[in-house]
Amino acid sequence: MWMKKRGHRCLIVSSMASLVLLMMVLYGAIGTHQQQQGSSSLTHDYQLLGRPLYKLDLGWPRKPELFTGEVYGVAVDQYASVVYVAQRGDNVPKVLVFTTDGDFLMQWNTTTLEMPHGIFVADTASSNPTVWITDVGNGPYGHSIKQYSPSGKLLQVLGTPGTAGSGLNPLQFDQPAEIFVHSSGEMYIVDGDGGMNNRLIKLSKEQEVLWIHAEKGQGMAQFYIPHSVTVDNAKRVWVADRGNKRIQVFNSVTGDWLGTWGSCFTEDAPFSVRLTPDKKYFVVVQLNTNQISLLDAPPVGLIGQCTVASVIQLADDVKPHLVDLDLKTGALYVAEIGAQQAQKFTPFSLRGGFL
């Protein structure tokens, strides 16, 4: 009898040890990770806080030495499995194109981009996707938003290139930060990144102004450096109001103000805002604290206050700026100014799907 009990206890201990080992394998990224890939100087230090939702893909991209400038933006074409990375610097290609697996495809040698800021792939299943880039440069191509083909051919320009302004007819920008193009063709623009304008603009598919919020300030529907914008499937527009350390929410149809999130941003402002494909979390970047936070998405009809579900704490001076998600796989791509790189994080899952 004693031997049976002892054997039973040993079985329990062995099972618990196996479970602990499995958890260590699955969630090994909870501790601090440090790795240098080849001879490159990429920074791979990070720590997960709270619920572990993402882990770093150390193999993306396969040729990190191609990053030669300050990386400001990243955008994913989920249908073509392609990632566009926007970077700045003298004598560097302004856009690098990779596959989602990390293979290098091409670089854009266009002279029509000065200082790329935000980058967005129009959400379309067609064979002709387009890439939209906001340009905050002060030269003849700056203060505008441009549409490109996947190979970097300039298709059209929004705004008045080379001229900063606040006009609506003709349309003018002053350091436009980001554009979000809805599947309907409607556009949401945050303008600008520290210039004279503090505006959220909605354009129709025909590029006519449907509604606008253009007041600088700290009140409802006022902005100070609106920096990023996204739209959810409940017809809500989410804006990273960077200078005011908050996210503001609007009705996408009417433009009416719906609410504000501010309690999560006491230490640092939100720089980027995106929604995970399962609609469970908003991904928000805080550049100065080198954090990527996942906030619980509220149900339809409720804004409430923000709650943090998980944090990816990056190394000092990485300076994450803007992010994008692969809506097919849930993979998260981060543009990092300080580290001069883009990184890929994949969702934790036991069966390969998004959590």
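## Aromatic contacts

Ring pairs bring Trp60, Phe67, Phe98, Phe104 and Tyr333 together in a cluster. The model is predicted, and a search of the whole structure yields 13 aromatic pairs. Among these pairs is that of Tyr46 and Phe345, which is edge-to-face, with 5.7 Å centre to centre and 85 degrees between the planes. Tyr46 belongs to strand S1 (residues 46-50) and Phe345 to strand S27 (residues 341-347); the pair thus links distant parts of the chain, 299 residues apart. Tyr46 is buried, its relative accessible area being 4%, and Phe345 also counts as buried, at 0% relative accessibility.

The pair of Trp108 and Tyr148 is tilted, because the ring centres are 5.2 Å apart and the planes stand at 45 degrees. Distant parts of the chain are linked here as well: Trp108 is in strand S6 (residues 104-108) and Tyr148 in strand S9, 40 residues apart. Trp108 has a relative accessible area of 1% and is buried; Tyr148 is buried with a relative accessible area of 0%.

A charged side chain also meets an aromatic face: Arg88 lies over the face of Tyr72, at 3.5 Å from the ring centre.

## Salt bridges

The whole structure contains 10 salt bridges. One of them joins the side chains of Lys146 and Asp135, with an N to O distance of 2.6 Å. Lys146 is located in strand S9 (residues 144-148) and Asp135 in strand S8 (residues 131-135), so this pair ties together parts that are 11 residues apart in sequence. Both Lys146 and Asp135 are buried. Strand S9 therefore contributes to two of the contacts described here, since Lys146 lies in it and Tyr148 does too.

Asp191 and Arg199 form another salt bridge, in which the closest N and O atoms are 2.9 Å apart. Asp191 is buried, as is Arg199. In the salt bridge between Asp193 and Arg242, the closest N and O atoms are 3.3 Å apart. Asp193 sits in the loop between strand S12 (187-191) and strand S13 (199-203), while Arg242 sits in the loop between strand S18 (236-241) and strand S19 (246-251), so the pair ties together parts that are 49 residues apart in sequence. With a relative accessible area of 17%, Asp193 is buried, whereas Arg242 is partly exposed at 23%, because buried means under 20% relative accessible area. Elsewhere, salt bridges that share partners join Glu178, Arg274 and Asp324 into one network.

## The largest pocket

The space in the largest pocket is about 440 Å³. Its lining comprises 23 residues, and those nearest the centre of the pocket are Phe120, Asp123, Phe180, Val231 and Leu327. The elements that each give two or more residues to this lining are strand S3 (70-77), strand S7 (116-121), strand S11 (176-181), strand S17 (226-231), strand S21 (272-275) and strand S25 (320-325).

By residue class, the lining of the largest pocket consists of 11 nonpolar, 5 polar and 7 charged residues.

Note on methods
Residues are numbered from 1 along each chain as its sequence is written. This is a predicted model: local features need pLDDT of at least 70, side-chain atom pairs count only at pLDDT 80 or more; totals for chains, interfaces and linings use all residues. Side-chain values use heavy atoms; hydrogens and water are left out. On a 1 Å grid over the protein atoms alone, a cavity is a set of points where a 1.4 Å probe fits but cannot get out, and a pocket is an open set with protein on both sides within 12 Å along at least five of seven lines; lining residues have an atom within 4 Å of a point. Grid points are joined across faces, edges and corners, and a volume is the space filled by probe spheres set on the points. Helices (H or I, at least four residues) and strands (E, at least two) are DSSP runs, numbered from the N terminus. Ala, Val, Leu, Ile, Met, Phe, Trp, Tyr, Cys and Pro count as nonpolar, Asp, Glu, Lys and Arg as charged, and the others, Gly among them, as polar. A salt bridge is a side-chain nitrogen of Lys or Arg within 4 Å of a carboxyl oxygen of Asp or Glu. Buried means under 20% relative accessible area, exposed over 50%, partly exposed in between (1.4 Å probe, protein chains only). Rings of Phe, Tyr and Trp (its six-membered ring) pair if their centres lie within 6.5 Å; planes under 30 degrees apart count as stacked, over 60 as edge-to-face and the rest as tilted. A charge sits over a ring if NZ of Lys or CZ of Arg is within 6 Å of the ring centre and within 35 degrees of the ring normal.
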